[in-house]
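Colleague: Hi, have you got a minute to walk me through this model? I'd like to start with one of the helices.

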Amino acid sequence: MNMTCEVARDLAELYHEGLVSTESARAIRAHLKECGRCRRYYKTYDTMNALHFPLYKAPDFEEAEARSYEALSKRLRKRRVFEIVTTSAAIGAGSIMLAAGIILLVRSHSDD
Ligand SMILES: [Zn+2]
């Protein structure tokens with residue numbers, strides 16, 4: 001069965017939800033093997049889905065794709081900031097515990 005790009009893209013949501021038949025899934029995979037544009041579409045669909053932007057609602061795939069990359073880079077930037085903040089917090093907490101430990105050690109020695 002030869003699938004058109006339009007059909008392959010129409011089925012993207014159902015495919016990702018696992019709601020297509022085995023036969024359709026096979027036809028989609030065969031199409032994706034041959035068609036770079038649809039492969040990109042499905043890849044973008046994954047990204048958009050992960051970011052909770054339903055791609056099927058986007059009127060223009062190219063625009064949606066650009067938006068997904070923008071959102072992804074924004075999300076990665078946010079994650080980076082989160083990592084820096086949590087790492088700093090962990091280092092801060094560690095430093096406080098170390099300082100407390102030193103103080104307790106010094107105190108217990110001075111009690112002797
Ligand atoms: Zn195609």
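**A chat about helix H4**

Modeller: Sure, let's begin with H4: Gly36 and Ala50 are exposed on one side of this helix, opposite its buried residues.

Colleague: And which residues of H4 are buried?

Modeller: Cys38, Tyr41, Tyr42, Thr44, Tyr45 and Met48. They sit on the same side of H4, because the arc they cover around the axis is only 165°.

Colleague: Why would residues a few places apart point the same way?

Modeller: An α-helix has 3.6 residues a turn, so residues three or four places apart end up pointing the same way.

Colleague: Makes sense. What span does H4 reach from its first C-alpha to its last?

Modeller: H4 covers residues 36–50, which is 15 residues, and it reaches 21 Å, close to the 21 Å expected at 1.5 Å a residue.

Colleague: What follows H4?

Modeller: His52 does, and its phi is positive, near 65°.

Colleague: Let's zoom out. How many helices and strands are there in the chain?

Modeller: The chain has 5 helices and 0 strands, so to speak an α-α-α-α-α pattern along the sequence.

Colleague: And how confident is the prediction?

Modeller: This is a predicted model, with a mean pLDDT of 84 for the chain and 89% of the residues at 70 or more. Confidence is highest in helix H3 (residues 22–34), at 95, and lowest in helix H5 (residues 61–111), at a mean of 83.

Colleague: What share of the chain counts as buried?

Modeller: Of its 112 residues, 12%.

Colleague: Which residues make up the largest nonpolar core?

Modeller: There are 9 in all: Ala8, Ala12, Ile28, Cys38, Tyr41, Tyr42, Tyr45, Met48 and Ala64. H4 gives the largest share of this core, with 5 residues.

Colleague: Pick one from H4 for me. Why does Cys38 count as buried?

Modeller: Cys38 has 22 C-beta neighbours inside 10 Å, and the cut-off for a buried residue is 20 or more.

Colleague: What is Cys38 in contact with, leaving aside neighbours within four places in sequence?

Modeller: Cys5, Ala8, Arg9, His31 and Leu32. The C-alpha atoms of Cys38 and Glu6 are separated by 9.1 Å, although these two residues are 32 apart along the chain.

Colleague: And Ile28, which residues does that one touch?

Modeller: Not counting residues up to four places away in sequence, Ile28 touches Met3, Ala8, Leu11, Tyr15 and Val20. Ala8 is thus on the lists for both Ile28 and Cys38.

Note on methods:
Residues numbered from 1 in each chain as written. Predicted model: local features only at pLDDT ≥ 70, side-chain atom pairs only at ≥ 80, totals over all residues. pLDDT = per-residue confidence, 0-100. Helix = DSSP H or I, 4+ residues; strand = E, 2+ residues; numbered from the N terminus. Expected span 1.5 Å × (residues − 1). Arc of directions from axis to C-beta. Core = buried A, V, L, I, M, F, W, Y, C linked by C-beta atoms within 7 Å. Contact = placed C-beta atoms within 7 Å.
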